[in-house]
Amino acid sequence: MTTATAPAKIILFGEHAVVYGRPAIAVPVTHVQASATVEAGPPGSGCTLIARDVDRTVHLADDAPDDPLAAIVRVTLGHLNAPEPDVVITIHSTIPIASGMGSGAAVSTAIVRALTAHLGHSINNEAVSSLVFEVEKLYHGTPSGIDNTVIAHARPVFFVKNKFMETFALRSPLRILIADSGIRSSTRAVVEDVRKAWEANRGRYDSLFMSIGQIAVMAHAALEGGEQSALGALMDGNHWLLRQLGVSSDELDRLVQAARRAGALGAKLSGAGRGGNAIALVTEETLDAVTAAMVEAGAKQVIPTLVT
Ligand code: PMV
C-alpha cells in the first residue's frame, strides 16, 4: 500500500494578471490536503479509482474520457511508460471544491506521487507539476500553471507563466485566514470573462495587469524581508485592482471589508473570484476577532493557516 498527500494552495498576489504574463505569488496551505492510496487489486482487475467524498468510482478500462481522475492516471502511466496496473486508488480530500484552493491539482498531485511510488519509480517536483498541468489544461481551458507549480513544489512560489518559477523562503511565517464565501465559482468562466473584457479594452486591462504585477514584485520583496504591514497594504491594493477587473463580488467585498475593520493587516479575494475565497493577513492577537467578523459577514467556513 502506498499513500501520498498534497497540500491546497492560495494565490497571495497576482491572480488573473498571471494569465497575461505578469508575476504572481502562491503559497501552499497544509491545513487541508488531498491524499491518494494505491493498493494492489485482483489480477486482471485493471485500475479502479474510488473518491468517496464526491461519491465516484471510475474504472480506467471504461475509457471515461471526461474524467479528470482517469486522465491523471493515464498521463502518469504514459510518463512512466507503464501498462495499466491492477490497482485500487482511493482518494480523499479535505480541500473545499471550486473555491480557488486548487483541490483538483492537489488530488492529481497525490495520485501522480502515490502511483509512481507504488510502481517503484521516483519522480521530481518539476515532472509532477507538468503531468498535473496536462490535466489542468483539459479541465480549465488556459490555466497559467501556477496551481500545479505551487502544489507540486509545496513551497511558496514566485511565478511567471512559461518563463520563470522560483520557490522562496518567507522571512517570517504568515498567519492567513481563508474565508469561504460559500459561492462556487468556475475559474474557466471568470477567466473567459476577463479575456472578453481585455479584448474590448486592451489599454485599460493591460495597465491593470501591469499594476497587479508590480504589486506582486513588491510583495515578493516584502515576504523575503518579513515586512508584514507592507504586505497587508499590498493585499488591499491588489484587491482594489481585482475589483477594477470585475472579478470581485458583493459577498467577497463584504468579507474583505469586515476583515480590515476587525484589524486584519490586509485582505483580498484569492483565486478566480466572483465566489470562492477571501483571504486576510492577521496576527495572533487579531486572529479571533477577524475570524468572528468574517463569519458575521457571511463566511461559510474560515480556515486558519500558518504559511512558513
Ligand atoms: O484556480 P483558482 O481559482 O485559484 O484561480 C486561478 C487563478 C487565475 O489566475 C484566475 C487563473 C490561472 O490560471 O492562473
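This passage describes the nonpolar core, the ligand surroundings and one loop residue of a predicted model.

The largest nonpolar core holds 102 residues. Within this core, Leu12, Phe13, Ile89 and Met294 touch the most other members. Both domains contribute to the core: at least three residues come from domain 1 (2-167), and at least three from domain 2 (174-307). For Leu12, residues up to four places away in sequence were set aside, and the contacts that remain are with Ile25, Ala26, Val27, Leu174, Ile176, Leu223, Asn238, Lys268 and Ile279.

The ligand is surrounded by 15 residues. The closest of these are Lys9, His16, Ser144, Thr187 and Ala272. Polar atoms of the protein were found beside oxygen atoms of the ligand in several places. In Lys9, a polar side-chain atom lies 2.6 Å from a ligand oxygen. The side chain of Thr187 places an N or O atom 3.2 Å from an oxygen atom of the ligand. At Gly100 the contact involves the backbone instead, with a polar atom 3.4 Å from a ligand oxygen. On its own, the ligand has 370 Å² of accessible area, and the protein covers 92% of this area.

Ser249 lies in the loop that runs between α7 (228-245) and α8 (250-261). Ser249 counts as buried because its relative accessibility is 15%, and the cut-off for buried is under 20%. Two polar contacts involve the side chain of this serine. One joins the side chain of Ser249 to the backbone nitrogen of Leu252 at 3.2 Å. In the other, a polar side-chain atom of Ser249 lies 3.3 Å from the backbone oxygen of Arg274.

Key
Residues are numbered from 1 along each chain as its sequence is written. This is a predicted model: local features need pLDDT of at least 70, side-chain atom pairs count only at pLDDT 80 or more; totals for chains, interfaces and linings use all residues. Side-chain values use heavy atoms; hydrogens and water are left out. A nonpolar core is a set of buried Ala, Val, Leu, Ile, Met, Phe, Trp, Tyr and Cys residues joined through side-chain atoms within 4.5 Å. Buried means under 20% relative accessible area, exposed over 50%, partly exposed in between (1.4 Å probe, protein chains only). Domain bounds come from an automatic or database domain assignment. Contact means heavy atoms within 4.5 Å. A residue is near a molecule or strand if one of its heavy atoms lies within 4 Å of it. A polar contact is a pair of N or O atoms within 3.5 Å; within protein, one must be able to donate a hydrogen and the other to accept it, and residues adjacent in sequence count only if both atoms are side-chain atoms. Accessible areas come from the Shrake-Rupley method with a 1.4 Å probe; for residues, only the protein chains shown count as cover. Helices (H or I, at least four residues) and strands (E, at least two) are DSSP runs, numbered from the N terminus.
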